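Colleague: Could you take a close look at one part of this model for me and then place it in the whole? I'd like one connected account, with cut-offs for the terms as you go.

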Amino acid sequence: MFPIAVSSHQTRNEKLLAQALKALFYQNVNQFKKNIEQVALDKILDKELSTYQIAKYFYMVILVKDDNKAKKLVSHIDIACFNQQYKLLFYAITSHYYYHCGQFTKAQQAFEDVWRHQKSNAVNDHTGCQEAIVYLLAEYQMLMKNYQLAMMLATYGIDLAHADDSTYFLENFFWQLVQASDMWHSQDFIVNEMIENARVIAKIHNNEDILKKLSQRKGGNKNDNTQG
């Protein structure tokens, strides 16, 4: 097998990391692991290392909740090398890390810092970073049972995804709205529409976590049969 000539300046690692980040933000865990494990760490460039580290940090804290491994990874991260979006994403993830560790004051401070920067510096972003940041902010408020603020953030996230012409985290935003709506006793037809939106997008993204949550929801199994 002859090596394929690549006309662009993009390295193999860069391509793998772009694919890994996309899979991560779709929460397609199997695809993410497949991509990230192929990254050649001995050949990684500084700009690629930032993507590798932020992706691993998100995966460890948010998807598998392995805070011990996350703590070890953080000790090797030089945040000064991150671009602005990665810095905000790092601190959004860190708010969850602090919450897991019971450091609630630090978690709240991280949330406030990220939200202050995000709402005044929204950008046209096609990487999914911005949606990831807002998803984590909304999810943090769900953990804190601040459902009204969580709904506002989830709605903001949906607007950002539409503005960026992306579907990153849309199923998560709809699922957050469904959960929060339960607290406000919203009309069934509105909730059911959000459930179906979340289900369709989760299937496209292979987001097993959201699909599992939807199927476990009361009436979820009956609704799941309406979609092929």
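Modeller: First, what counts as an element: helices are DSSP runs of H or I with at least four residues, strands are runs of E with at least two, and numbering starts from the N terminus. This is a predicted model, so local features need pLDDT of at least 70 and side-chain atom pairs count only at pLDDT 80 or more, while totals for chains, interfaces and linings use all residues. Residues are numbered from 1 along each chain as its sequence is written, and side-chain values use heavy atoms, with hydrogens and water left out.

The part I'd zoom in on is helix H8, residues 147–163, with the loops on either side. The loop leading in comes from helix H7 (129–143) and holds Asn-146 as well as Lys-145. What is odd about Lys-145? Its phi is positive, about 65°, although Lys-145 is not a glycine. As for cover, I call a residue buried under 20% relative accessible area, exposed over 50% and partly exposed in between, with a 1.4 Å probe and protein chains only. Lys-145 comes out as exposed at 58%, whereas Asn-146 is partly exposed at 36%. Along the chain, Asn-146 and Ala-180 are 34 residues apart, yet 8.9 Å separates their C-alpha atoms.

Now into H8 itself. Met-152 sits in this helix and is partly exposed, with a relative accessible area of 37%. If you want a long ruler, take Met-152 to Tyr-98: 54 residues apart in sequence, and 23 Å from C-alpha to C-alpha.

On the way out, the chain enters the loop between H8 and helix H9 (170–184), where you'll find Asp-165. Asp-165 is another non-glycine residue with a positive phi, near 55°. Asp-165 is exposed too, at 72% relative accessible area.

Then H9 picks up, with Leu-170 in it. Buried or exposed, then, for Leu-170? It counts as buried, at 5% relative accessibility. Leaving aside neighbours within four places in sequence, Leu-170 is in contact (heavy atoms within 4.5 Å) with Ile-158, Ala-161 and Ile-201. Of these, Ile-158 and Ala-161 fall inside the H8 range of 147–163. Leu-170 and Asp-159 are eleven residues apart along the chain, and their C-alpha atoms are 9.7 Å apart.

For helix faces, we can go back towards the N terminus. In H2 (residues 29–36), Phe-32, Asn-35 and Ile-36 are buried. They cover an arc of only 90° around the axis (taken from the directions from the helix axis to the C-beta atoms), which puts them on the same side of H2. Asn-30 and Lys-34 are exposed on the face turned away from that buried side. The buried residues pack against helix H1 (12–26) and H3.

H4 (residues 67–74) has Asp-67, Ala-70 and Leu-73 as its buried residues. Down the axis of H4 they fall within an arc of 115°, so they line one face of the helix. Asn-68, Lys-71 and Lys-72 are the exposed residues on the face turned away. The packing partners of the buried ones are helix H3 (46–63) and helix H5 (84–100).

Zooming out, the protein has twelve helices and zero strands. Of its 228 residues, 46% count as buried. Its radius of gyration, taken over C-alpha atoms, is 18 Å, which agrees with the value near 17 Å for a compact globule of 228 residues; that globule rule is 2.2 Å times the number of residues to the power 0.38. Along the principal axes, the C-alpha atoms fill a box of roughly 55 × 45 × 35 Å. Among contacts between residues at least 6 apart in sequence, 65% join residues at least 24 apart.

Last, the surface. About 12,500 Å² is exposed, with carbon and sulfur atoms supplying 53% of it; these areas come from the Shrake-Rupley method with a 1.4 Å probe, and for residues only the protein chains shown count as cover. For charges, Lys and Arg count as positive, Asp and Glu as negative, and His and the chain ends are not counted. Each charge is placed at NZ of Lys, CZ of Arg, CG of Asp or CD of Glu. On that basis there are 24 positive and 24 negative charges, and their mean positions are 6 Å apart.
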